Amino acid sequence: SSLDAIVSRGLDRVITSWNAGAERMFGYTAAEAVGHELLELLPPERLQESLELIARVQRGELIDHYETQRVRKDGVWIDVSVTMSPIRNATGEVVGSSTVARDITESRRAVEALRAIEARKSAILESALDCIITMDRRGRVLEFNPAAERTFGYRREEAIGRTMADLIIP
């Protein structure tokens, strides 16, 4: 029932288990994936990276929340966060690897959108000829643009966190 893709492989990198989350995320059924390496999931420029990660896990290392990209069956690239763990037998010998992959495409897009908004806001604040001062509900300054610096004589660093009463209200 996990929404994350959970995939197991033997030391030969051949898939031994493929859950419903992997089917939803990557578009391949378990019947199409189990018994194959499924290199189609890897963008060509990520193949070596993936082989190195698998080799590290086969040496017993844990790979925790590694962000990379994969390709769905329909050719769409997705951003994923993968956690890879060694699978050990009763004697502790590594016999395979388990991967949990989470699709982070939408969260990455949201972060990029927020960065773009922040960049536009900063450009507006920096270039505005009028004073722009924002404050929280307690009256503490959160933003203090260059026009406010020129008008009131405080540098932004001096104004941020102080109350308006301390700065400009006699």
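Which residue in β5 is the bridge partner of Pro86? I shall begin there, with the reminder that what we have before us is a predicted model. The partner of Pro86 is Ser97.

That pair belongs to the antiparallel pairing of β4 and β5, which extends over 9 bridges. The two strands form a hairpin, with 5 residues between them. In the turn of this hairpin, Gly92 has a positive phi of about 95 degrees.

Strand β5 also pairs with β1, again running antiparallel, and here 6 bridges join the two. Ser97 appears once more in this pairing, where Arg9 stands opposite Ser97. Ser97 of β5 is thus a partner of Pro86 and stands opposite Arg9 as well.

Let me turn to helix α3, residues 47–58. Its 12 residues should span 16 Å at 1.5 Å a residue, and the end C-alpha atoms are 17 Å apart, which agrees. Which residues of α3 are buried? They are Glu49, Ser50, Leu53, Ile54 and Val57. These residues cover an arc of only 135 degrees around the axis, so they sit on the same side of α3. The general background is that an α-helix has 3.6 residues a turn, so residues three or four places apart point the same way.

What do the buried residues of α3 pack against? The elements are β1, β3, β4 and β5. Just after the helix, Gly60 takes a positive phi of about 105 degrees.

Within α3, I would draw attention to Ile54. Its relative accessibility is 6%, and it therefore counts as buried, the limit being under 20%. Leaving out residues up to four places away in sequence, Ile54 touches Arg9, Arg13 and Met84. Arg9 we have already met, opposite Ser97. For a sense of scale, Ile54 and Arg156 are 102 residues apart in sequence and 49 Å apart in space, C-alpha to C-alpha.

Arg13 deserves a word of its own. This residue is in the loop between β1 and β2. Arg13 has a positive phi of about 75 degrees, although it is not a glycine. With a relative accessible area of 30%, Arg13 is partly exposed.

I come now to the nonpolar interior. The largest nonpolar core has 20 residues, and those that touch the most other members are Trp18, Met25, Phe26, Leu38 and Met84. Two or more residues come from each of β1, β2, α1, α3 and β4. Of these elements, β4 gives the most, with 4 residues. Met84, which touches Ile54, is among the core residues just named.

What surrounds Trp18? Apart from its neighbours within four places in sequence, Trp18 is in contact with Ile6, Val7, Glu23, Phe26, Tyr28, Thr29, Ala30, Ala33, Val34, Leu38 and Leu41. Trp18 is buried, with a relative accessible area of 7%.

Leu38, one of those contacts, lies in the loop between α2 and α3. Leu38 is buried, at a relative accessible area of 8%. Like Arg13, it is not a glycine and yet has a positive phi; for Leu38 the value is about 55 degrees.

How many aromatic pairs does a search of the whole structure find? The search finds 2. One of them joins Trp18 and Phe26, whose rings are tilted, 5.8 Å centre to centre with 40 degrees between the planes. Phe26, like Trp18, counts as buried, and its relative accessibility is 4%.

The other pair is formed by Phe144 and Phe152, and it too is tilted: the centres are 6.5 Å apart and the planes 45 degrees. Are these two rings buried or partly exposed? Phe144 counts as buried at 2% relative accessibility, whereas Phe152, at 32%, counts as partly exposed.

Phe144 leads to the last part of this talk. A second, separate core has 6 residues, including Phe144, Ala159, Met164 and Leu167. Phe144 also falls within strand β7, residues 141–144. That strand runs antiparallel to β6, residues 133–135, and 3 bridges join the two. Among the partners, Thr134 is bridged to Glu143 in β7. The two strands form a hairpin with 5 residues between them, and Gly139 in its turn has a positive phi of about 85 degrees.

Definitions and conventions. Residues are numbered from 1 along each chain as its sequence is written. This is a predicted model: local features need pLDDT of at least 70, side-chain atom pairs count only at pLDDT 80 or more; totals for chains, interfaces and linings use all residues. Side-chain values use heavy atoms; hydrogens and water are left out. A nonpolar core is a set of buried Ala, Val, Leu, Ile, Met, Phe, Trp, Tyr and Cys residues joined through side-chain atoms within 4.5 Å. Buried means under 20% relative accessible area, exposed over 50%, partly exposed in between (1.4 Å probe, protein chains only). Contact means heavy atoms within 4.5 Å. Rings of Phe, Tyr and Trp (its six-membered ring) pair if their centres lie within 6.5 Å; planes under 30 degrees apart count as stacked, over 60 as edge-to-face and the rest as tilted. The expected span of a helix is 1.5 Å times one less than its number of residues. The arc is that of the directions from the helix axis to the C-beta atoms. Two strands pair if DSSP finds at least two bridges between them.
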